[in-house]
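The following exercises are meant to be worked with the sequence and the coordinates side by side. Each begins with a task and is followed by a solution that goes step by step.

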There are 2 protein chains.
Amino acid sequence: MRVPVELSKALRLLNHGPTVLVASAHEGRRDVMAAAWNMPLDFSPPKVAVVIDKSTYSRALIEASGEFVLAVPCAAQVDLVCGVGQHSGREMDKFAHYGIATASASRVQAPLVEGCLAWLECRIYPEPHNQQTYDLFLAEVIAAWAEDWAFKDGHWQDLPPEQRALHHLGGGNFLTSGGPVLQGRG
Amino acid sequence: MRVPVELSKALRLLNHGPTVLVASAHEGRRDVMAAAWNMPLDFSPPKVAVVIDKSTYSRALIEASGEFVLAVPCAAQVDLVCGVGQHSGREMDKFAHYGIATASASRVQAPLVEGCLAWLECRIYPEPHNQQTYDLFLAEVIAAWAEDWAFKDGHWQDLPPEQRALHHLGGGNFLTSGGPVLQGRG
């Protein structure tokens, strides 16, 4: 079940460096793309940074709407994550083409892609220099959600490999998140 | 053995979202800190983004020198990664305190922390607004290195858990990188 995540814990959804899906919508058009280049930026209010290339249709929708949703997909969705990177939203509605089920977000127009582990609803800080020079978008997280079996009481749960997050190695090759690290505290 | 990584492949050292160590040096002073908030920013020339808090001693050295090294530590170094986050470089030389062995970098003053998997020598793009408002540093990767058993021919190798990269969940808890994801290409 998808449950709200308090904003003070929202960055933990991204902190371990997963590849995300970026969903966007504006005036009835929508798109979704994959982005390995994302990171938390600040705690309070929670902020994120993500790189969105000028060539993408998502970029146009994000600049027009000022909003996007970052969704954290799991290993079972790897073909979808690769697939949405192989076509442009200018050519097709990727949601229809890939049969991507969605739910409505609470505070932005962009949808929540079903099957993911967690979602961050984001509103961009207009920073034209960063956007133009570096394709870099900075945004505030204004609402966050997670599957309760995946992220509970502010902590990622130990999940079977097919439900773990994806980490892009480059060239369309991915790792899952691995196991917890035992610390000596020595 | 530490071998050079061609710059066109250097971003793959960070692409999967590992926590890094940030090493810095200026006029005989040096520091090292951990940073989970980092990402690739552009391919050519390779650029990275990293968040460096104003309160850190590293920040002063990085702003003064315009340089840093991002090192990718492995799970066997988790206590070091946690430890360098618990003290300030203003209080102590962390390299001496933690017995951190280093090697010289090729193009920057900041050292290469031994025992890591890979290293990116970086020169910052002065962006005062980003640095002041977001604690965000953007930098060009001007040289890169990796242990040849960890990263070979432009690809991360399949490593035993203690030699895999670290992914910070928050609160001092880490995952390792996991195993490769099989794709259906369906």
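**Exercise 1. The end of a helix**

Which residue follows α1(B), and what is the sign of its phi? Then determine which residues of this helix are buried and what they pack against.

*Solution.* The model is a predicted one. Step one: the residue that comes after α1(B) is B:Gly66, and its phi is positive, near 75°. Step two: within helix α1 of chain B, which covers residues 57-65, the buried residues are B:Tyr57, B:Ser58, B:Arg59, B:Leu61 and B:Ile62. Step three: these buried residues of α1(B) pack against elements of chain B that include β2 (20-26), β3 and β6 (67-72), and also β9, α4 (128-134) and β10 (136-147).

**Exercise 2. A covered strand and its two partners**

Describe how strand β9 (residues 118-124) of chain A is paired, and state how many of its residues are buried.

*Solution.* Step one: six of the seven residues of β9(A) are buried, so that the strand is mostly covered. Step two: strand β6 of chain A, residues 67-72, runs antiparallel to β9(A) and is joined to it by six bridges; in this pairing A:Val69 has A:Glu121 as its bridge partner. Step three: β9(A) also pairs in the antiparallel sense with strand β10 (residues 136-147) of chain A, over seven bridges, and here the bridge partner of A:Ile124 is A:Ala139.

**Exercise 3. A sheet built from both chains**

Work out the strand order of the open sheet of four strands, and explain why one side of certain strands is left without a neighbour.

*Solution.* Step one: the order is β13(A)-β14(A)-β14(B)-β13(B), and the pairing is antiparallel. Step two: β13 (166-170) of chain A and β13 (166-170) of chain B stand at the edges with a single partner strand each, and therefore one side of each has no neighbour in the sheet. Step three: from one strand to the next, the twist averages 45°. Step four: on the chain B side, β13(B) and strand β14 (residues 173-180) are antiparallel and share four bridges, with B:Leu166 bridged to B:Thr176 in β14(B).

**Exercise 4. Symmetry and interface**

How are the two copies related, and through which surface do they meet?

*Solution.* Step one: a turn of 180° with a shift of 0.0 Å along the axis lays chain A on chain B with an RMSD of 0.0 Å. Step two: the two copies are thus related as by a two-fold rotation axis. Step three: because 100% of the interface residues of chain A are also interface residues in chain B, the copies meet through the same surface. Step four: the contact takes 50 residues from chain A and 50 residues from chain B, and about 3,900 Å² is buried between the chains, 57% of it given by carbon and sulfur atoms. Step five: A:Trp37, A:Met39 and A:Tyr134 supply 19% of the area that chain A buries against chain B, more than any other three residues. Step six: zero salt bridges are found across this interface.

**Exercise 5. Salt bridges and their surroundings**

How many salt bridges does a search of the whole structure find? For three of them, decide whether the partners are buried or partly exposed.

*Solution.* Step one: the search finds 16 salt bridges over all chains. Step two: A:Arg59 and A:Asp135 meet through their side chains at 2.9 Å, N to O. This pair links distant parts of the chain, 76 residues apart, with A:Arg59 in helix α1 (residues 57-65) of chain A and A:Asp135 in the loop between α4 (128-134) and β10 of chain A. A:Arg59 and A:Asp135 are buried, and both belong to a network of salt bridges that also contains A:Lys54 and A:Glu63.

Step three: B:Glu114 and B:Arg2 form a salt bridge at 3.3 Å, N to O. B:Glu114 lies in the loop between β8 (112-113) and β9 (118-124) of chain B, while B:Arg2 lies in strand β1 (residues 2-4) of chain B, 112 residues apart. Because buried means under 20% relative accessible area and exposed over 50%, B:Glu114 at 32% counts as partly exposed, as does B:Arg2 at 25%.

Step four: in the salt bridge between B:Lys94 and B:Asp31, the closest N and O atoms are 3.7 Å apart. Because B:Lys94 lies in helix α3 (residues 94-97) and B:Asp31 in strand β3 (residues 29-35) of chain B, the pair ties together parts that are 63 residues apart in sequence. B:Lys94 and B:Asp31 are both buried.

Key
Residues numbered from 1 in each chain as written. Chains lettered and ligands numbered in written order. Predicted model: local features only at pLDDT ≥ 70, side-chain atom pairs only at ≥ 80, totals over all residues. Heavy atoms only, no water. Pairing = 2+ DSSP bridges. Helix = DSSP H or I, 4+ residues; strand = E, 2+ residues; numbered from the N terminus. Axes fitted to C-alpha atoms, helices over the stretch in contact; angles between N-to-C directions. Least-squares fit on C-alpha atoms with pLDDT ≥ 70 in both. Contact = heavy atoms within 4.5 Å. Buried < 20%, exposed > 50% of the residue type's maximum accessible area, 1.4 Å probe, protein only. Buried area = accessible area lost by both parts, 1.4 Å probe. Salt bridge = Lys/Arg side-chain N within 4 Å of Asp/Glu carboxyl O.
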